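Visitor: Could you walk me through this one, please?
Guide: Gladly, let us look together.

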Amino acid sequence: MTERVVASRPNLEQMVAIIEFMEQHPVLGLSQMRGMEGRNESKKLWLKLTSIVNNMKGPTRPMKSWVKFWADKKSTVRAKVVTSGGDPSILGSSIERRIWDKFLHNDSGYKPRGSVKVESHYIPENNYSNEESTEENNELDDEVLNFDEPTIEPAAEPISLEERNMVLMEKLVKVMSEQATAMSQLAHASQVSSQAMERLAEASQIQSRAIERLANTFEAIGSTAHHIGTTIVDIDTTMKRFYNTTPT
């Protein structure tokens with residue numbers, strides 16, 4: 001037996017949105033988009049409609065399920081009118097009357113099969129290929145039902161408070177480790193700078209002693225020059241005295 005998955009019936013708001021969207025794009029509602037260009041445009045419109053309807057309150061379905069739902073809904077409306085002898089007044093809701101007036105009224109050549117499939121609330125898996133096709137499903141372009149829907153990544157599982165705290169602690173430890181490394185590098189740089197300052201102080205002290213010795217040397221030279229000058233003066237005085245005392 002084929003396994004079935006229950007698909008919830010769309011609510012009124014979703015149905016109105018589908019009808020209004022099809023009224024804005026009647027070619028899509030009539031399943032008349034053919035060829036590669038029509039296939040691409042049909043795919044874009046169905047993806048847009050799926051996004052609109054799934055974002056409303058009510059059940060969410062994949063795009064292929066909405067495509068089949070629309071086909072089944074039109075088949076159900078057509079079947080009601082046909083089985084009543086072609087009288088659309090049998091339709092009991094404004095939604096069904098809008099579907100008939102906009103998309104089925106001119107479909108006079110439709111002839112129901114021996115048994116007409118009404119809308120099912122059970123959607124089989126595997127692209128619904130195990131269900132007997134309705135007339136509307138036969139009218140749908142096979143390429144439409146074979147659209148590749150965008151891959152939706154599964155939502156990440158919520159992180160517990162304990163796991164979140166562990167992550168925060170790991171980040172905190174990492175930050176503290178980086179801070180300690182930075183402080184160590186700063187201390188090393190300060191030590192290198194201190195050693196450089198010490199060497200500079202030593203060099204300044206050596207330079208100061210050299211300048212002091214140089215000053216002492218210049219002072220000694222000055223003193224020696226003074227003594228030499230005094231000696232020359234004394235010699236000159238002595239010579240003058242000598243010449244002055246010599247008999248003529």
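Visitor: Which residues are exposed on the other side of H3?
Guide: Keep in mind that this is a predicted model. The buried residues of H3 include Gly38, Leu45, Trp46 and Leu49. They lie on the same side of H3 because they cover an arc of only 140° around the axis. On the other side of H3, the exposed residues are Met36, Glu37 and Lys44.

Visitor: How far does H3 reach from its first C-alpha to its last?
Guide: H3 has 20 residues. At 1.5 Å a residue, the expected span is 28 Å. The model comes close to that, with a reach of 28 Å.

Visitor: Which helix supplies the largest share of the largest nonpolar core?
Guide: That core has 24 residues, and Trp46 and Trp70 are among those touching the most other members. H1, H3, H4 and H5 each supply at least two of its residues. The largest share, 7 residues, comes from H4.

Visitor: Leaving aside neighbours within four places in sequence, what is Trp70 in contact with?
Guide: Several of its partners, including Ile18, Met22, Leu28, Trp46 and Ile99, are also among the core residues that touch the most other members. The full list of contacts is Ile18, Ile19, Met22, Leu28, Gly29, Trp46, Ile99 and Phe103.

Visitor: Which element has the lowest mean pLDDT?
Guide: The chain averages a pLDDT of 76, and 73% of the residues score at least 70. Among the elements, helix H1 (residues 12–24) has the highest mean, 92. The lowest mean, 34, belongs to strand E2 (residues 122–124).

How values were computed
Residues are numbered from 1 along each chain as its sequence is written. This is a predicted model: local features need pLDDT of at least 70, side-chain atom pairs count only at pLDDT 80 or more; totals for chains, interfaces and linings use all residues. Side-chain values use heavy atoms; hydrogens and water are left out. pLDDT is the predictor's confidence in each residue, from 0 to 100. Helices (H or I, at least four residues) and strands (E, at least two) are DSSP runs, numbered from the N terminus. A nonpolar core is a set of buried Ala, Val, Leu, Ile, Met, Phe, Trp, Tyr and Cys residues joined through side-chain atoms within 4.5 Å. Buried means under 20% relative accessible area, exposed over 50%, partly exposed in between (1.4 Å probe, protein chains only). Contact means heavy atoms within 4.5 Å. The expected span of a helix is 1.5 Å times one less than its number of residues. The arc is that of the directions from the helix axis to the C-beta atoms.
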